[in-house]
Amino acid sequence: MKTAIITSDTSDKHNTGLGHPENADRISAVTEGLRKISNKNIIWKKNKVFDSKYLEITHTKKYINDVETSFPKKGLIFLDGDTIVSPGSKKATLDAVGSIVTAIDGVQNKEFHNAFCAVRPPGHHAEKNKAMGFCIYNNVAVGAHYLLEKYKFNKVAIIDFDVHHGNGTQDIFYDNKKVLYISTHQYPYYPGSGGEKEKGKHNNIFNIPLPAGTTSEEYLNAYEFVLKRIEEFKPEFILFSAGFDAHKDDPLAQLQLTSKDFYDLTKRTLNLAKLYCEGKVVSILEGGYDLKALQESTEMHVSALLEFN
Ligand SMILES: [Zn+2]
């Protein structure tokens with residue numbers, strides 16, 4: 001069985017302006033690293049177009065309309081203080097969503113066993129009706145809705161190991177008992193949400209706030225709590241909101257993970273995925289802003305995905 005890397009032709013056309021940490025070099029670094037993994041079980045695929053009705057389950061129609069009319073003909077426009085769009089963002093945002101839909105279809109059709117979507121812009125800060133923190137559409141949330149609606153799953157787990165809390169994903173699934181959302185993140189920190197008391201209407205949200213300076217060992221101990229929640233929930237499909245900015249070299253946060261830690265957490269999660277959901281896992285890139293750390297960490301993450309095979 002194979003692991004797919006899904007990319008889009010438009011990720012690099014989403015221009016966020018000079019000096020912005022969330023820029024096209026991130027995808028070049030990731031794909032360059034992944035191309036170095038020599039394994040015949042990797043397949044590279046491009047995103048396909050998807051039915052926009054799944055976007056409309058995730059975001060309000062007004063928000064989608066506001067976003068679609070915001071893209072400038074030239075230059076840059078700010079959707080919030082740090083979320084910037086350019087003419088090329090129009091297609092890049094839809095292709096990022098399309099990548100997770102393509103990945104899910106490939107797993108369901110048994111074309112490959114699991115997948116990593118190396119695309120941008122990221123998505124986990126985007127709420128039902130708000131762009132935020134470099135995120136415009138919430139890619140992983142559309143993926144979860146797609147699993148519920150198209151494939152009629154009843155239990156989807158989203159594991160978010162980005163160093164920032166995925167306030168958008170939490171907002172979208174706060175009262176949806178079919179979706180388990182678990183986030184490990186630096187706290188208190190941007191975006192401010194993600195305290196332990198935020199549990200969702202059906203106890204379907206678990207936040208694991210971690211102080212600045214958290215080490216590998218402390219993080220992996222805390223990750224045991226994530227694994228226990230997966231064991232209790234017994235998901236039919238697992239989605240990763242895969243941010244790599246908890247790395248010790250990341251300029252935007254202060255957790256102390258090494259690249260290898262991303263292998264370990266992925267491997268441990270996959271062991272449970274094999275038990276509960278035939279190893280069905282789709283992962284999508286969120287943050288990660290030190291290019292070397294991002295490259296190494298995504299190689300580790302994908303190496304663990306490949307070991308399912
Ligand atoms: Zn982040």
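**Exercise 1. Helix crossing**

Determine the handedness of the crossing of α4 and α5 in this predicted model, and state how the two helices are oriented to each other.

*Solution.*
Step 1. Two packed helices are described by the angle between their axes and the distance between the axes.
Step 2. The axes of α4 (residues 89-108) and α5 (residues 139-149) come within 9 Å, and they cross at roughly 40°.
Step 3. Angles under 35 degrees count as roughly parallel, and 65 to 115 as roughly perpendicular; α4 and α5 are therefore oblique to each other.
Step 4. The crossing of α4 and α5 is right-handed.
Step 5. On the α4 side, the contact is formed by T93, A96, V97, I100, V101, I104 and D105; α5 contributes N139, V140, V142, G143, Y146 and L147.
Step 6. Sorted by character, the residues of this contact comprise 9 nonpolar, 3 polar and 1 charged.

**Exercise 2. Strand order and edges**

Give the order of the strands in the open sheet of 8 strands, and explain why one side of β2 and of β8 is left without a neighbour.

*Solution.*
Step 1. The order is β2-β1-β5-β10-β9-β6-β7-β8, with parallel pairing.
Step 2. β2 (42-46) and β8 (205-210) stand at the edges; each has a single partner strand, so one side of each lacks a neighbour in the sheet.
Step 3. From one strand to the next, the twist averages 15°.
Step 4. As an example of the pairing, β1 (residues 3-7) and β5 (residues 114-117) are joined in the parallel sense over 4 bridges. The bridge partner of I5 in β5 is F116.

**Exercise 3. Helices on the sheet**

Identify which strands are touched by helix α7 and which by helix α9.

*Solution.*
Step 1. Helix α7 (residues 216-233) packs on the sheet and touches β6 (156-160), β7 (179-186), β8 and β9 (237-242). The direction of α7 makes about 175° with that of β7.
Step 2. Helix α9 (residues 291-306) also packs on the sheet, touching β1, β2, β5, β9 and β10 (281-285). The direction of α9 makes about 165° with that of β5.

**Exercise 4. Backbone geometry in loops**

Locate the cis peptide bonds from R120 to P121 and from Y187 to P188, then decide whether K152 is buried or exposed.

*Solution.*
Step 1. The R120 to P121 bond is cis, with omega near 0°; P121 lies in the loop between β5 and α5.
Step 2. The Y187 to P188 bond is cis, with omega near -5°; P188 lies in the loop between β7 and β8.
Step 3. K152, in the loop between α5 and β6, has a positive phi of about 60° although it is not a glycine.
Step 4. Exposed means over 50% relative accessible area; K152, at 58%, therefore counts as exposed.

Conventions:
Residues numbered from 1 in each chain as written. Predicted model: local features only at pLDDT ≥ 70, side-chain atom pairs only at ≥ 80, totals over all residues. Heavy atoms only, no water. Pairing = 2+ DSSP bridges. Axes fitted to C-alpha atoms, helices over the stretch in contact; angles between N-to-C directions. Contact = heavy atoms within 4.5 Å. Parallel < 35°, antiparallel > 145°, perpendicular 65-115°, else oblique. Left-handed = near helix turned anticlockwise from the far one by under 90°. Nonpolar A, V, L, I, M, F, W, Y, C, P; charged D, E, K, R; others polar. Buried < 20%, exposed > 50% of the residue type's maximum accessible area, 1.4 Å probe, protein only.
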